[in-house]
Structure formats: C-alpha cells, structure tokens
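Q: Please give a close account of one helix in this protein and of the parts of the fold that surround it. I would like the geometry treated before anything else, and then the packing.

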Amino acid sequence: MIKKLINRKWKVLDSQKLLSKGTWMNLRMEKVQLPSGAIVPEWFVLEFPDWINVIAITKDGRFVMEDQYRHALGQTNYELVAGVIDPGETPLQAAQRELSEETGFGGGEWQLFMQVSPNPTNHTNMSYTFLATGVEKLRDQHTEATEDINVDIFTEEEVLELLETGQIVQALHAAPLWKYFANKK
C-alpha cells in the first residue's frame, strides 16, 4: 500500500517579482523557510499559464504530429500539437483550438488523458494532454506569425520508433506518448 503524503509546505518569508510579462510569464524570487527551520534566501519561481497538448489520431489510426524549429535547442523536432490555455478557455477548448489552428484537423472523440506539472520545482503551471481519436482534416492550417509548423502523419509504429530513437525530445510530449503505448500492452 502506498503511504499517504503529508504536505510539508514551505513558509514564504519574502517574495519579489523580478520580471513581469503579463499572462505569458512572470519570474519571482522568494525567501522561504523549510519545515526543518532551514532558510533558503533565493528560490526562483516561474509563473506560466497552463498548457495543453494533444495526441490526435485519425479515423484510420494515424497520428497527427508536427515538426517545428525550437530556438532554445537550435533544432527542428517532432512534437504533439501543443499550446497555451488562453484566459477564459477550458483546457479542452484550448486543445481543440490548437489542433484546428496548427493542423486543420478536428472533430472526433476527446478525453483528458494525462495531467502533469512541467517542473514542480519552479513552475506554477500544469500541462493537460488530451487524447483525440477519430479526428479528420476539416480546414487549412492557420498558424500564428511566430509558428513555422509542418504537419506530419505517422503510423503507430512510426511514432513508437520516433520515441525509441529519441526523436521526440519534448518531455511533456514524450511522457503521454509513452503512457499511450504502455496502456496498449
């Protein structure tokens, strides 16, 4: 039996906003006291909005994915459809909007598949993965000026190969895909 966790919340002694970029990202530095009494004078916290990503599978069982350049790594990578939940949107609404905008696919059956923290050490947000099955091409892609996205359609075997060969490097995309394949066994 798994033991019940006891929340050992830290006491915030001081908090300063160092950077504020509205709803996109904020950075704060906190002075915190641990339950042991130890004081950490500088703990940095990144505030982001919640994120979504989508495992989208067509009516014929193929995966709708993207390839996109990611500047921080200097690489083009394979990814799931992903994005930010806009103010006033539910995670499901954001996931359906992002799939439509970035790929032109939509419809199908949707379910929340996974919810994880990008990094509970210093991120305040959550990432929601949706499994959308039976999707189909409904319209043309409608990307933002900062997006350079190619739509890729893969078989289940090809997606598994991408995972096994390290060609999906975004951890928040690899984790739900690994869960998907683990549940198929």
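A: Helix α1 covers residues 91-103, and its length can be checked against its geometry: at 1.5 Å a residue, its 13 residues should span 18 Å, and the end C-alpha atoms are 18 Å apart, so the two agree. The model is a predicted one, and the distances given here are therefore computed from predicted coordinates.

The burial of α1 may be taken next. The buried residues of α1 are Ala94, Ala95, Arg97, Glu98, Leu99, Ser100, Glu101, Glu102 and Thr103. Charged side chains are thus part of the list, including Arg97, Glu98, Glu101 and Glu102. As a general point, an α-helix has 3.6 residues a turn, so residues three or four places apart point the same way. Just after the helix, Gly104 adopts a positive phi of about 85 degrees.

Beyond that glycine comes strand β8, residues 105-106, in which Gly106 has its place. Gly106 counts as buried because its relative accessibility is 10%, and buried means under 20%. Leaving out residues up to four places away in sequence, Gly106 touches Leu99, Val135, Glu136 and Leu138. Of these partners, Leu99 is a buried residue of α1. Gly106 can also be placed relative to Gln141: the two are 35 residues apart in sequence, and their C-alpha atoms lie 11 Å apart in space.

A second link from α1 runs to strand β5, where Glu66 is located. Glu66 has a relative accessibility of 0% and therefore counts as buried. Not counting neighbours within four places in sequence, Glu66 is in contact with Glu102 and Thr103, and also with Asn77, Tyr78, Glu79, Leu80, Val81, Ile149, Asn150 and Asp152. Both Glu102 and Thr103 are among the buried residues of α1. Ile149 is 83 residues from Glu66 along the chain, yet the C-alpha atoms of the pair are separated by 6.3 Å.

The nonpolar cores complete the account of the packing. The largest has 17 residues, and those with the most contacts inside it are Ile55, Phe63, Met65, Val159, Ile168, Leu177 and Tyr180. At least two residues of this core come from each of β4 (51-58), β5 (63-70), β9 (109-116), α2 (156-164) and α3 (171-183). Helix α3 gives the largest share, 4 residues. Apart from this core lies another, of 14 residues, and among its members are Ala94, Ala95, Phe130 and Val135. Ala94 and Ala95 are buried residues of α1, and Val135 is a contact of Gly106. Ile55, with residues up to four places away in sequence left out, touches Phe130 of that other core as well as Phe63, Leu80, Phe113, Thr129, Leu131, Ala132, Pro176, Leu177 and Tyr180.

Two exposed positions offer a contrast. Pro120 is placed in the loop between β9 and β10 (127-137), and with 68% relative accessibility it counts as exposed. The C-alpha atoms of Pro120 and Gly107 are separated by 33 Å, although the two residues are 13 apart along the chain. Lys21, in strand β1 (residues 11-21), counts as exposed at 51% relative accessibility, because the exposed class begins over 50%. Lys21 and Arg139 are 118 residues apart in sequence, and 33 Å separate their C-alpha atoms.

The whole chain gives the setting for α1. The protein chain contains 3 helices and 11 strands, which follow one another from the N terminus as β-β-β-β-β-β-β-α-β-β-β-β-α-α. Its C-alpha trace spans about 60 × 45 × 35 Å along the principal axes. Of its 185 residues, 37% count as buried. Among contacts between residues at least 6 apart in sequence, 57% join residues at least 24 apart. The accessible surface comes to about 11200 Å², with 53% of it belonging to carbon and sulfur atoms. The chain carries 18 positive and 26 negative charges, and the mean positions of the two sets are 12 Å apart.

Terms used
Residues are numbered from 1 along each chain as its sequence is written. This is a predicted model: local features need pLDDT of at least 70, side-chain atom pairs count only at pLDDT 80 or more; totals for chains, interfaces and linings use all residues. Side-chain values use heavy atoms; hydrogens and water are left out. A nonpolar core is a set of buried Ala, Val, Leu, Ile, Met, Phe, Trp, Tyr and Cys residues joined through side-chain atoms within 4.5 Å. Buried means under 20% relative accessible area, exposed over 50%, partly exposed in between (1.4 Å probe, protein chains only). Contact means heavy atoms within 4.5 Å. Accessible areas come from the Shrake-Rupley method with a 1.4 Å probe; for residues, only the protein chains shown count as cover. Lys and Arg count as positive and Asp and Glu as negative; His and the chain ends are not counted. The place of a charge is taken as NZ of Lys, CZ of Arg, CG of Asp or CD of Glu. The expected span of a helix is 1.5 Å times one less than its number of residues.
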